[in-house]
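User: I would like to learn how to read a few features of a protein model. Please take them one at a time.

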Amino acid sequence: MSEEISLQVAEHQESWFGSWFRWCPTSLAFLREAEKSILSNLRNSYHGKNVNVGKVVGGSESNVWTVCMNEESHNTPIVLLHGFGSGVGLWCLNLDSLATDRPVYAIDILGFGRSSRPKFNTDPLEAEREFVASIEAWRREISLNKFILLGHSFGGFLAASYAIKHPDIISHLILADPWGFPEKPLDVAKRYNLPIWIKAVGFLLQPFNPLSFIRIAGPLGPKLLSNARPDLIRKCSPLVKNAEEVIPNYFYHCNAQDPSGETAFYHLMAGFGWAKHPMINRINALRKGVPITLIYGSRSWVDRDPGFQIKYNRKDSFVDVKVISGAGHDVYAHRAEMFNELVSTIGEHVDSGTLPPISPEDTPENHKGTDIENISYIMNKIGSGNL
């Protein structure tokens with residue numbers, strides 16, 4: 001495997017937080033090594049490179065960190081957009097499988113992971129436009145004409161926004177437990193029957209960036225994340241050596257850096273689980289004929305109603321809703337083998353110019369988690385920030 005490191009990124013540049021207070025033991029070099037510790041477990045070769053996307057945000061040159069596999073394949077490429085607080089390393093359970101038959105490009109969304117961290121606009125719609133513009137600038141630089149776009153959670157929100165703006169580029173839109181689709185209920189606390197202490201924590205955290213506690217915790221951050229994400233550590237353990245240390249370490253170095261993308265997300269959100277401008281109110285602007293598959297975890301805290309609403313409202317377009325039993329919000333990891341099979345099947349149909357068979361008619365009520373499960377997953381997300 002090889003790795004192209006841009007000369008514009010100093011290999012040992014410390015984070016702004018670390019350089020000020022020496023409190024957060026992090027740097028871009030540490031993040032790079034943490035990512036390598038995960039991706040070195042892949043069976044197939046990969047290479048990483050910084051892709052210059054120009055001055056799309058903040059008036060300064062930016063780079064999007066990209067992990068590439070099987071670029072020599074002539075089949076339709078797939079592009080992966082991770083969730084909030086995550087990075088390319090967390091696709092480790094999917095990359096080998098997805099790259100078997102096609103090129104795979106996993107990117108660190110601008111403002112996250114190893115990508116540049118510019119200052120985004122504070123207006124939510126403008127910040128969203130900047131995210132989308134960075135993805136399009138990346139596409140042009142990579143010279144991709146058509147691809148399958150798969151986004152998880154916050155990455156699903158951005159994938160939908162990108163598809164609305166650039167429908168000609170999308171062969172198939174895959175939204176994995178997408179964040180930011182439903183409107184925020186007026187009775188959130190009542191609907192989820194949240195305990196008083198959770199309401200209090202939510203109120204206290206409201207003025208701050210979602211992951212500020214990681215930077216406040218300083219050297220205790222990795223341990224904090226280890227306790228918050230035992231599910232993901234357990235799922236990665238068969239592939240990643242020393243996953244109990246490597247996975248929290250990667251999370252930490254992804255999020256202890258300058259919180260550029262995190263701050264932009266803060267301006268986009270209306271409370272931790274909802275968007276100020278919900279995608280459900282805009283998805284009809286997506287050109288008819290762009291195929292959509294939504295993949296949810298049956299135990300996830302994400303509301304699946306919008307997926308079924310989209311399926312109902314776009315009767316003249318292909319929309320399929322898959323609910324993977326036993327999977328939580330991190331559906332790509334909790335049931336990786338089933339998730340990979342679903343995505344690979346979609347890829348095969350894209351290559352052949354056909355559409356996958358539609359799931360039988362279903363209702364979201366059949367796949368609702370219990371209130372206890374919903375609260376558990378909400379608190380896990382507060383702990384990990386992996387939206």
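User: What area does the protein chain expose, and what share of it do carbon and sulfur atoms supply?

Analyst: This is a predicted model. The exposed area of the protein chain is about 16,000 Å², and 54% of it comes from carbon and sulfur atoms.

User: How many helices and strands does the protein chain have?

Analyst: There are 16 helices and 9 strands in the protein chain. Of contacts between residues at least 6 apart in sequence, 77% join residues at least 24 apart.

User: What percentage of the residues is buried?

Analyst: A residue is buried when its relative accessible area is under 20%. In the protein chain, 61% of the 387 residues are buried.

User: Why is helix α12 described as largely enclosed by the rest of the structure?

Analyst: Helix α12 spans residues 260–268, and 7 of its 9 residues are buried, so the rest of the structure largely encloses it. Among the buried residues of α12 are Glu262, Phe265 and His267.

User: Which residues touch the most other members of the largest nonpolar core?

Analyst: They are Trp138 and Phe154, in a core of 108 residues. Beyond its neighbours within four places in sequence, Trp138 is in contact with residues including Val51, Tyr105, Ile107 and Leu144.

User: What lines the second largest cavity?

Analyst: The whole structure holds 5 cavities of 30 Å³ or more. The volume of the second largest is about 50 Å³. Its lining includes Ile78, Asp101, Arg102 and Val343. Helices α3 (95–98) and α15 (336–352) each give two or more residues to that lining, which divides into 3 nonpolar, 3 polar and 2 charged residues.

Note on methods
Residues are numbered from 1 along each chain as its sequence is written. This is a predicted model: local features need pLDDT of at least 70, side-chain atom pairs count only at pLDDT 80 or more; totals for chains, interfaces and linings use all residues. Side-chain values use heavy atoms; hydrogens and water are left out. Helices (H or I, at least four residues) and strands (E, at least two) are DSSP runs, numbered from the N terminus. Buried means under 20% relative accessible area, exposed over 50%, partly exposed in between (1.4 Å probe, protein chains only). Contact means heavy atoms within 4.5 Å. Accessible areas come from the Shrake-Rupley method with a 1.4 Å probe; for residues, only the protein chains shown count as cover. A nonpolar core is a set of buried Ala, Val, Leu, Ile, Met, Phe, Trp, Tyr and Cys residues joined through side-chain atoms within 4.5 Å. On a 1 Å grid over the protein atoms alone, a cavity is a set of points where a 1.4 Å probe fits but cannot get out, and a pocket is an open set with protein on both sides within 12 Å along at least five of seven lines; lining residues have an atom within 4 Å of a point. Grid points are joined across faces, edges and corners, and a volume is the space filled by probe spheres set on the points. Ala, Val, Leu, Ile, Met, Phe, Trp, Tyr, Cys and Pro count as nonpolar, Asp, Glu, Lys and Arg as charged, and the others, Gly among them, as polar.
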